[in-house]
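Colleague: Could you take me slowly through one part of this model? I would like to start with a single helix and see what it packs against.

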Amino acid sequence: MEIPSKYNPVEVEDKWYQYWMEQGFFHSEPDEREPYTIVIPPPNVTGVLHMGHMLNNTIQDILVRRARMQGYNACWVPGTDHASIATEAKVVGKLREEGIKKDDLTRDAFLEHAWEWTHKHGGIILEQLKKLGASCDWERTAFTMDEKRSESVIKVFVDLYKKGYIYRGVRMVNWDPAAKTALSDEEVIHKEEQSKLYYVRYAIEDTPGEFVTVATTRPETILGDTAVCVNPNDERFQDLAGKRVLVPLVNRSVPIIQDEYVDMEFGTGCLKITPAHDVNDYEIGLRHNLEVIDTFNDDGTLSKEAGFLVGVDRFEARKQIIPMLKEAGNLVKVEDYTNKVGYSERTDVVIEPKLSAQWFLKMEELAKPALEAVENGDVQFFPGKFVNLYRHWMGNIKDWCISRQLWWGHRIPVYYLSDGSFVVAETAEEALQLAKETTGRDHLTMDDLHQDEDVLDTWASSWLWPISVFDGISDPDNKEINYYYPTNDLVTAPEIIFFWVARMIIAGYEYRGTFPFKNVYFTGIVRDKLRRKMSKSLGNSPDPLELIAKYGADGVRVGMLLCSPAGNDILFDESLTEQGRNFSSKIWNSFRLVHGWEVNASLPQPEHARLGLDWFNAQLNEVITTMDDHFSKYRLSDALMTIYTAMRDDFSGWLLEIVKPAYQQPIDKQTYDELVALFDKMLRLLHPFMPFITEEIWQLLGERKEGESIMMAEWPTVAEADASLVEQFVNVEDAITGLRNVRKEKNIANKETLHVAVLPGEKGYSPVFDAVLRKMGNLHQLDVVNEKVDGALSFRVKSTEYYIPLGDLVNVEEEIAKIEEELKYTRGFLTSVMKKLGNERFVSGAPEQVVATERKKQADAEEKIKLLEERLASLK
């Protein structure tokens with residue numbers, strides 16, 4: 001058949017992906033084979049493919065495709081996350097554009113809009129992953145709010161509540177004024193900012209003219225102050241004990257208290273205490289039984305309790321309160337100040353510490369087996385540096401605030417009675433029955449119960465993901481969970497090591513008695529070549545689908561992997577995807593070359609071809625061994641580079657040249673068949689990285705039946721071969737390179753045959769490969785000699801000298817003149833270097849590295865002079 005001159009990824013990729021889907025190659029069912037399981041880190045249901053997804057899913061696909069070829073029953077479960085805060089924000093924004101306020105809708109009406117949005121946008125990112133070649137079992141696609149997953153989440157909440165792990169309490173939480181919900185500590189990103197430090201006077205009550213001065217970065221919170229605090233060890237303030245001060249502007253009388261929490265070195269040594277709006281102040285307030293005055297509404301505006309600027313946004317209030325303090329004589333000075341400010345990960349607004357009634361999950365006991373699992377190696381991290389980070393967090397774990405003040409999500413299964421008491425149950429019917437039993441009031445109806453308005457934190461569903469995708473919560477002894485769980489590998493980003501990884505391990509031990517995955521591969525952050533994190537706002541993130549259209553999915557996959565060592569940031573450069581595309585072209589051209597040869601079954605196998613094939617078989621063993629070792633250590637980038645260089649240099653650059661028949665001559669069948677078998681192995685080793693082009697060439701390389709695919713072919717293993725040939729062949733490569741350099745320097749055409757004499761040393765010559773040297777060097781004569789050859793050009797491979805008697809190929813007189821000219825220049829150069837090194841002031845005063853560079857120049861020049869003199873002597 002006619003093979004196109006150029007590889008067309010667009011045509012090829014769509015064709016083979018459809019074929020794989022039709023054949024059901026991605027689908028897995030439990031059977032007698034050993035399973036290999038990966039669950040996808042579910043992307044947000046509203047999301048679209050970005051560079052981080054590209055990297056993460058390429059790595060997962062590489063692992064699962066290789067496992068499939070190794071004979072495992074490979075299962076890669078895809079799905080999406082309902083992403084409470086992000087999705088609700090999108091829906092609220094869409095409604096706002098339509099002139100509808102969320103507050104004007106009932107909960108059910110809002111949820112109709114949210115589900116409509118989800119159905120419209122929910123599958124986009126998964127469809128995009130197909131363009132990448134992701135071999136997910138699409139029949140298993142799950143959603144964190146589908147029926148089975150929702151049932152699992154509710155069941156776990158009820159179970160943990162019954163076990164005493166879940167409780168309701170009023171606590172200081174991170175409040176997101178934009179989303180109007182609490183956040184866990186892990187959902188807060190701390191950014192360093194240039195702020196101001198305001199020094200404010202508080203008049204001492206009943207002592208006219210006397211003040212204490214406090215320093216604050218948040219003057220708008222002054223309106224909620226209920227004390228001023230000093231360190232009991234601070235001698236400056238011993239006389240203030242038992243006194244009171246007046247809060248500026250509101251003139252509220254509050255006590256001066258003493259607590260060792262106060263840093264005597266910071267600011268003035270006096271600290272204003274606002275228990276409603278600072279975590280540490282709240283703790284101090286509890287110790288000293290202080291009043292709590294909440295001066296902020298849920299949306300971050302000042303409440304009526306503030307007494308001033310009611311309804312004004314907190315940051316606008318900060319601007320307005322400064323002149324008020326100044327006019328009242330309370331503002332002493334303002335200084336520039338650098339501090340860290342907490343931002344909501346989802347809405348990117350400054351969070352407010354806020355006292356709020358929330359549901360919490362006790363973590364200390366639950367976390368113990370999960371910490372032990374990582375410390376003892378039951379769960380392994382790649383790279384291992386993340387173990388310390390995990391240990392630090394798990395060793396200092398706080399209770400998890402699991403409630404969110406949203407409508408989109410899993411509604412908390414708590415049902416209240418009119419007297420404030422409540423029951424916890426999986427369904428409203430069960431709750432009613434339980435309420436009747438606990439109260440003894442048989443006449444209760446559904447109208448007497450009101451379900452909690454809050455929903456659960458998104459992570460309270462995704463922490464069950466490796467279990468719930470196999471229905472292991474609702475049906476804990478089903479065939480699938482027993483077969484596929486625990487899963488093998490998790491590929492994720494280090495920034496969700498606590499959000500998700502730690503919590504999945506905790507859930508695994510609590511609900512399955514073991515870890516949810518054996519290995520965790522942490523990818524780095526994708527950055528541009530200027531080391532900036534890729535983002536839409538910076539405009540430095542390419543559209544992955546546009547990259548695929550331009551360079552092909554294989555090219556993009558290779559480009560991503562070429563710059564992605566595990567756990568380290570990825571410095572992405574589009575030139576790498578271009579390199580990936582060029583590599584595809586290289587493989588395609590190699591195939592076209594082989595495919596174009598005429599095969600003659602009557603021809604004997606030439607010696608040079610036999611030797612080349614023997615060498616490559618041994619070389620391929622090293623490639624397979626090295627790749628398997630890299631895979632075992634999750635060094636996927638290194639595994640790719642191993643097969644990349646083997647295909648580009650060893651196979652295409654050397655082997656094809658060795659076995660290639662003379663121009664317009666046929667190739668013998670034995671060589672061709674052995675070569676095709678090796679090409680087949682190379683394609684299989686490349687397949688996990690480059691699924692499309694390897695399938696296309698593999699299908700064309702031999703007779704294939706319907707239903708056959710490279711993705712179901714066996715992963716190559718080490719075969720019998722003479723390992724010593726690999727090291728010996730290096731000498732041949734160096735000798736051929738030396739001959740090519742001579743041809744280039746002396747402008748000798750490749751068609752001109754050469755005579756080469758070899759003076760063997762201890763190393764540098766392997767007579768076993770003479771036939772290859774003759775073929776590749778185009779030699780008409782190859783002699784082994786025991787003394788130097790006069791009148792010949794020479795080069796050295798290790799301790800072996802190679803001589804080329806040029807005869808009529810070059811003009812000897814011209815060559816002598818050329819060498820003498822080069823010798824004159826090099827000697828002059830050496831003289832100038834020696835002058836520098838002979839100058840004691842230079843040697844003693846110049847940096848060590850500069851002097852070392854000059855000494856290297858001296859050594860290089862001396863070596864070059866020696867070689868030129870030897871060459872000149874041999875020509876005269």
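Modeller: What follows starts with one helix, then turns to its partners and to some other parts.

First, some ground rules. The model is predicted, so local features need pLDDT of at least 70 and side-chain atom pairs count only at pLDDT 80 or more, while totals for chains, interfaces and linings use all residues. Residues are numbered from 1 along each chain as its sequence is written, and side-chain values use heavy atoms, with hydrogens and water left out.

Find helix H10, residues 386-395. Helices (H or I, at least four residues) and strands (E, at least two) are DSSP runs, numbered from the N terminus. The buried residues of H10 are Phe386, Val387, Tyr390, Trp393 and Met394. Buried means under 20% relative accessible area, exposed means over 50%, and partly exposed lies in between (1.4 Å probe, protein chains only). These buried residues cover an arc of only 135° around the axis, so they sit on the same side of H10. The arc is that of the directions from the helix axis to the C-beta atoms. Now look at the face turned away from the buried side. It carries the exposed residues His392 and Gly395.

What does the buried side of H10 pack against? Two of its partners are helices, H9 (364-375) and H15 (497-511). It also packs against strands S15 (380-382) and S23 (517-522). Contact here means heavy atoms within 4.5 Å.

Follow S15 and S23 next. They belong to an open sheet of three strands, in the order S15-S23-S22, with parallel pairing. Two strands pair if DSSP finds at least two bridges between them. S15 and S22 (487-492) stand at the edges, each with a single partner strand, so one side of each has no neighbour in the sheet. The twist averages 20° from one strand to the next. Three bridges join S15 to S23. Phe381 stands opposite Val520 in S23. A helix also lies across this sheet: H2 (residues 51-69) crosses S22 and S23, at about 155° to S22. Axes are lines fitted to C-alpha atoms, for helices over the stretch in contact, and angles run from 0 to 180 degrees between N-to-C directions.

Now compare two helix pairs. Helices H19 (residues 607-632) and H24 (residues 770-777) pack at about 110°, with axes 8 Å apart. That makes H19 roughly perpendicular to H24. Under 35 degrees counts as roughly parallel, over 145 as roughly antiparallel, 65 to 115 as roughly perpendicular and the rest as oblique. From H19, the contact uses Glu607, His608, Leu611 and Gly612. From H24, it uses Ala771, Val772 and Lys775. By class, that is three nonpolar, two polar and two charged residues. Ala, Val, Leu, Ile, Met, Phe, Trp, Tyr, Cys and Pro count as nonpolar, Asp, Glu, Lys and Arg as charged, and the others, Gly among them, as polar.

The second pair is H20 (residues 636-659) and H23 (residues 724-746), at about 80°, with axes 13 Å apart. H20 is thus roughly perpendicular to H23. Asp650, Trp654 and Ile658 in H20 meet Phe729, Glu733, Ile736, Thr737 and Arg740 in H23. This contact has four nonpolar, one polar and three charged residues.

Last, find Leu613 in H19. Its relative accessibility is 0%, so it counts as buried. Not counting residues up to four places away in sequence, Leu613 touches Gln605, Leu655, Val659, Thr671, Glu674, Leu675 and Leu678.
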